[in-house]
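Let's take a walk through this structure together, starting with the overall fold and then stopping at a few individual residues. Have your viewer ready as you read.

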Amino acid sequence: MVSSVPRLVIAAPSSGSGKTTVATGLMAAFAARGLAVSAHKVGPDYIDPGYHALATGRVGRNLDAYLCGPELVAPLFLHGASGCDLAVVEGVMGLYDGAAGEGELASTAHVAKLLRAPVVLVVDASSQSRSVAALVHGFASWDPEVRVGGVILNKVGSDRHEELLRDALDSAGVPVLGVLRRAAQVDTPSRHLGLVPVAERHSAAVDSVGAMAAQVARGCDLVALEALARAAGPVPGGSAPWTPALPTHDHPTRSAERPGPVVAVAGGEAFTFSYAEHTELLTAAGAEVVTFDPLRDEQLPEDTAGLVIGGGFPEVYAAELSANEPLRKAVAELALSGAPVAAECAGLLYLCRELDGRPMCGVLDATARMSERLTLGYRDAVAVGDSVLAVAGTRMRGHEFHRTVVEPGSGPAPAWGVRTPVRRVEGFVQQGVHASYLHTHWASEPGVARRFVERCRTS
């Protein structure tokens, strides 16, 4: 078992400093040098891993100490980094910003400590000179267990500006490993929930990632950065890689004599939010996972026995989703038959009667609409009753991130009781349907996938 994967964590003092540009550019630049690069993102973000996948040619994965628990961070990291030469972990928000009210939990610093990985601090230097030394010194000395191994100066205006910054940092004791000038071509368009996903702008996204790689290769000392990554040493705790495989006595394995049930998973531009481990868990539980596109496919995959509809942007594609009436009817018929249906956030909206006045699948007696208010945050959740995903009392952690409202917010049988910190119920459980705003990470509770697949076998 290899647990000494060379690794770097790319962090910043705050959001907007350029972490995604630097992390994605580093991934692509290292890959261009012939290295197999494993890409990771701290926190629940679904969009950045899509750009990471473009940069590395491998699935981008998340490391979330809140959703999965600190004990799973290293195993999930080793699972994703298996067979790779080097791993790059992009942080979230500021280096020490974690789950609200939970101290360091789920912060970039927390994940760096769990992995014992050196941190490279990306600093937006556009409006400072000598002050950069105080900022870097403060971040490097705040927690002695966090090793800030270097700094990359971003948005540097000129040679003179760079000279002033380097002179100031000579006294901070943290080496400058890169200097990046302002470059509009690496900008990535954003909208109400962050960057526009790769699936919606694939050709332009490829160009953006190429520009990021070129900028990082020009402005950063890749040799020194790789050396810093290789000095990381073993991942602490003797962790074994996480595996989606379940013990053979826990579930019937798929075989030629007993083919696994087909689980259809929504994809395409409207449904881009999913964790790679979910598909891996469903497959390990014996399912045949088939992806379909609700924007274009007029029927569900042949022999569909269960349906998973994750997050995304159905509000952006409401007209197109509504126009695909044959698929909406097929989804409604599948749900009416009692087949297992798991829907999160965007999936919840799609199952409503309507979204912003446009007809949707009509599985749930509820309507959905866009809102000016952003709902964002981690949630502690407990299953209110039995469902295709969990038995009553099952505790999981989730994350909400949306600018929509569903009315009513829960059905006669809610999906979850949540603390936000006010206690409330939310979501819908009816027949085989489990629909909720909460995004959950099934690696934290592998029985979810097993239970779902078994219900697909018997429904």
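A good place to begin is with how the chain holds together over sequence distance. Counting contacts between residues at least 6 apart in sequence, 76% of them join residues at least 24 apart. Please keep in mind that you are looking at a predicted model.

As for secondary structure, the chain has 13 helices and 22 strands. Its radius of gyration is 23 Å, and the globule rule also gives 23 Å for 459 residues, so the chain is as compact as a globular protein of that length. Along the principal axes, the C-alpha atoms fill a box of roughly 70 × 50 × 40 Å.

How much of the chain is buried? Of the 459 residues, 59% are buried. On the outside, the chain exposes about 18,000 Å², and carbon and sulfur atoms supply 51% of that area. If you are thinking about electrostatics, the chain carries 39 positive and 49 negative charges, and the mean positions of the two sets are 4 Å apart.

Now let's step inside. The largest nonpolar core has 115 residues, and within it Phe 77 and Leu 153 touch the most other members. Helix H1 (residues 19–32) gives this core its largest share, seven residues. Apart from this core lies another one of 39 residues, including Ala 266, Leu 327, Val 341 and Leu 349.

Phe 77 is worth selecting in your viewer. Setting aside residues up to four places away in sequence, Phe 77 touches Val 5, Arg 7, His 40, Leu 63, Ala 87, Val 89, Leu 115 and Val 235.

Next, have a look at Ala 74, which sits in helix H3 (residues 73–81). Its relative accessibility is 6%, so Ala 74 counts as buried, the cut-off being under 20%. Beyond its neighbours within four places in sequence, Ala 74 is in contact with Leu 114, Leu 115, Val 235 and Ser 239. Two of these partners may look familiar: Leu 115 and Val 235 are also among the residues that Phe 77 touches. There is also a link to the start of the chain, with the C-alpha atoms of Ala 74 and Ser 3 separated by 9.3 Å, although the two are 71 residues apart along the chain.

Is a charged residue in a loop buried or exposed, taking Asp 143 as the case? Asp 143 belongs to the loop between helix H5 (131–141) and strand S6 (148–156). With a relative accessibility of 13%, Asp 143 counts as buried. Its contacts, leaving out neighbours within four places in sequence, are with Tyr 96, Glu 104 and Lys 113.

Finally, let's turn to the backbone. Which peptide bond is cis, with omega near -5°? That bond runs from Glu 407 to Pro 408, and Pro 408 lies in the loop between strand S17 (395–407) and strand S18 (416–419).

Two further loop residues are notable for phi. Asp 303 has a phi near 65°, a positive value in a residue other than glycine, and is found in the loop between strand S11 (288–292) and strand S12 (304–309). Gln 431, also not a glycine, has a positive phi of about 50°; look for Gln 431 in the loop between strand S20 (428–430) and strand S21 (433–436). Asp 303 counts as exposed at 62% relative accessibility, and Gln 431 counts as exposed at 58%.

Methods: Residues numbered from 1 in each chain as written. Predicted model: local features only at pLDDT ≥ 70, side-chain atom pairs only at ≥ 80, totals over all residues. Heavy atoms only, no water. Helix = DSSP H or I, 4+ residues; strand = E, 2+ residues; numbered from the N terminus. Rg over C-alpha atoms; globule rule 2.2 N^0.38 Å. Buried < 20%, exposed > 50% of the residue type's maximum accessible area, 1.4 Å probe, protein only. Contact = heavy atoms within 4.5 Å. Areas by Shrake-Rupley, 256 points an atom, 1.4 Å probe, with all protein chains shown as cover. Lys, Arg positive; Asp, Glu negative; His and termini not counted. Charge placed at Lys NZ, Arg CZ, Asp CG, Glu CD. Core = buried A, V, L, I, M, F, W, Y, C linked by side-chain atoms within 4.5 Å.
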